[in-house]
Amino acid sequence: MSTDSLPEYRQSFRDRPRPGHTPTGSSSTTAALKRTGPAERAAVVDLAAIRHNVAALRSWVQPAALMAVVKADGYGHGAVPVARAALDAGATWLGLAHVSEALVLREAGISAPMLAWLHTRDTPFGRAVEENIDLGASGWELEPIAAAAQRLERPARVHLKIDTGLGRNGCTLEDWPQVVERAAALQEAGLIRVVGIFSHLAVADEEEREAETDDQLRLFHGAVETAREAGLRPDVRHIANTPGILDRPDTHLDLVRAGLGIYGLTPFPDRPASEFGLRPAMSVTTTVAQNKAVGPGHGVSYGYRYRTTAATRLALIPLGYGDGVPRPALEAPVSIGGQRYAVAGRIAMDQFVVDLGTEDPAVAPVGAAVELFGPKSGITADEWASAAGTINYELVTRIGSRVPRIHVDTQPGVDAGTQSLPGR
Ligand SMILES: *Cc1c(COP(=O)(O)O)cnc(C)c1O
C-alpha cells in the first residue's frame, strides 16, 4: 500500500452548509440564527472567545510564539473555524496529532505552519512533505520521512521529540544521541531540516508536583544541548502545554502548544478559567422536548435510579450519550429558561429527564431554552466533567456528531488586540 494515499477523513456534516446557516464563523451566522431560531440541538462555538483566549495566552507567553492545538476537530469545537480564529488573534502555528488532520486544514486553504506529531507506518508522509506540514519524529519515522523527501526531491521539516518522562511518544534519553546523529546525517544529505526539538509535560496541571516538571525541563535542556553538539540548530524548542503556559513561565521557551486554554477551559481542578481571564467558547444547547405532570413515587429513566418524592412535573431534554453527554453524569447541572436544575435518573442514548420540582406548567414548557453548559448559564464543562468522573478535555471533545457545531461571532471585527491574563 502506498504510504502517500490520503486516508479518508470523515468530513462531518457539521462542516457542510445547512439551510439557514453559514457553516463557519461570520457575523452572518448570528443573523442566520436569529432568522431561524435556536437549533434543535447545537454546540455553539463563539469565535470571539477563541480570539480572546489566544490573544490573552499570547500576551502571557511572549516573546514565545503560540501554536494553537486544533487536533480532534479542535477539541470538538470545529478545527477549521477555530484555526482561522486563532490565526486572526496571533497564533502563528497550528498543532495536530495526525497528518490527515493537517491535510484537512490545508484543503480548507489554511497555509500557516503546521506540526503533526503522531504517526504510524500508514501515515502519508509524502503528502505532508508536499503540503509543507512539519513532522514530529521520535526515531523510526526519520526513515520513511527521508524516503518521501528523496522521492519528492524536497526536504522534510522535522521536529525531533524527546521523551523527558511522559512515557508516550518521543525518543528515550538512551536512544537520543543516535537519533540526533541520524537526523544530522539526513540533514547533511539535504533530505530533512530539523526545525524544532520538543517534548511534552506530564504533571504541570498538578501544582504541588513542581519538582517533576523541573526534572523534565532539565532533561529537555540537556537533550537540546546534545542536538547542538551534533550540529543541529533548531529554530524552536517547545515543551509547554496549557498547564505549563499558565503556571510555569520557565517552560515557555520559543514556542508553546496551547490546546485547552484557547477553548477557554482550565486544566486545574481548583482554579477556574475565569481566574486566568479565559472565556469558555462552547455552549451545548437544546430545548425542552416534553413537559408532563406526574405523581409522587414516579420512576425516572432506566433502572429507576430516581423517583419523584412529590407531585411534580418532568422536563424531557433531547440529548444523551449518543450526543456525547456522558452517561455517568448523574445529577449534573442543567439550565432551563435561565434556572438551574439537576439531571434526574439515568442519562439515556438520546435523552434525559429533569425534575422541575413544581406543578406549575408555565415552568420549562416545551420549547424552553436548555443549556447544559456555557457562558450564558454559567455552568462549566468542568461541572459536567466532574459529575461524570472525567476531565473537561474529554467532555467537549466527545460532544457527538449528531450535535451540529454552530459558529457564531459575538464580536465581529474585534481581533481581541492585546489583552493580558490577570495576575496569577
Ligand atoms: C494535545 C497536546 C497539546 C495541547 O495540550 P493542552 O493541555 O490541551 O494545552 C500539546 N502538545 C501535545 C504533544 C499534545 O498532544
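This report walks through a predicted model of a protein with a ligand, from the overall build down to single residues.

## The big picture

Let's start with the whole chain. The protein has 424 residues, and 49% of them count as buried. Its secondary structure adds up to 12 helices and 19 strands.

How do the contacts spread along the sequence? Take those between residues at least 6 apart: 68% of them link residues at least 24 apart in sequence.

## Around the ligand

Now for the ligand. Its surroundings are made up of V69, K71, W117, H200, N241, T242, R257, A258, G259, L260, G261 and P267. Sort this shell by class and you get 5 nonpolar residues, 5 polar ones and 2 charged ones.

## Two helices that pack together

Here is some background first. When two helices pack, we describe them by the angle between their axes and the distance between those axes.

Helix 2 covers residues 47-61 and helix 4 covers residues 79-88; they pack at an angle of about 45°, and their axes are 8 Å apart. Which word fits the way helix 2 and helix 4 lie to each other? Oblique, because angles from 35 up to 65 degrees are not counted as roughly parallel or roughly perpendicular. The crossing of helix 2 over helix 4 is right-handed.

Who does the touching? On the helix 2 side, you'll find L47, I50, R51 and V54, while helix 4 brings in P81, V82, A85, A86 and D88. In terms of class, this contact has 7 nonpolar residues, 2 charged ones and no polar ones.

## Helix 5 and what covers it

Helix 5 runs over residues 99-107, and its buried residues are V99, E101, A102, L103, V104 and L105. What covers these buried residues of helix 5? The cover includes helix 4 again, along with helix 3 (71-75) and helix 6 (125-130). Strands join in too: strand 3 (93-96), strand 4 (114-116) and strand 5 (133-137) are part of the cover.

Have a look just past the end of helix 5 as well: G109 sits there with a positive phi of about 90°.

## A closer look at F268

Where is F268 found? Look in the loop between strand 9 (255-258) and strand 10 (282-287). Is F268 buried or partly exposed? F268 counts as partly exposed, because it has 18 C-beta neighbours inside 10 Å, and a buried residue needs 20 or more.

F268 also makes a nice example of sequence versus space. F268 and D247 are 21 residues apart in sequence, and their C-alpha atoms are 9.8 Å apart.

Note on methods:
Residues numbered from 1 in each chain as written. Predicted model: local features only at pLDDT ≥ 70, side-chain atom pairs only at ≥ 80, totals over all residues. Near = placed C-beta within 6 Å. Nonpolar A, V, L, I, M, F, W, Y, C, P; charged D, E, K, R; others polar. Helix = DSSP H or I, 4+ residues; strand = E, 2+ residues; numbered from the N terminus. Buried ≥ 20, exposed ≤ 12 C-beta atoms within 10 Å, placed from the backbone. Contact = placed C-beta atoms within 7 Å. Axes fitted to C-alpha atoms, helices over the stretch in contact; angles between N-to-C directions. Parallel < 35°, antiparallel > 145°, perpendicular 65-115°, else oblique. Left-handed = near helix turned anticlockwise from the far one by under 90°.
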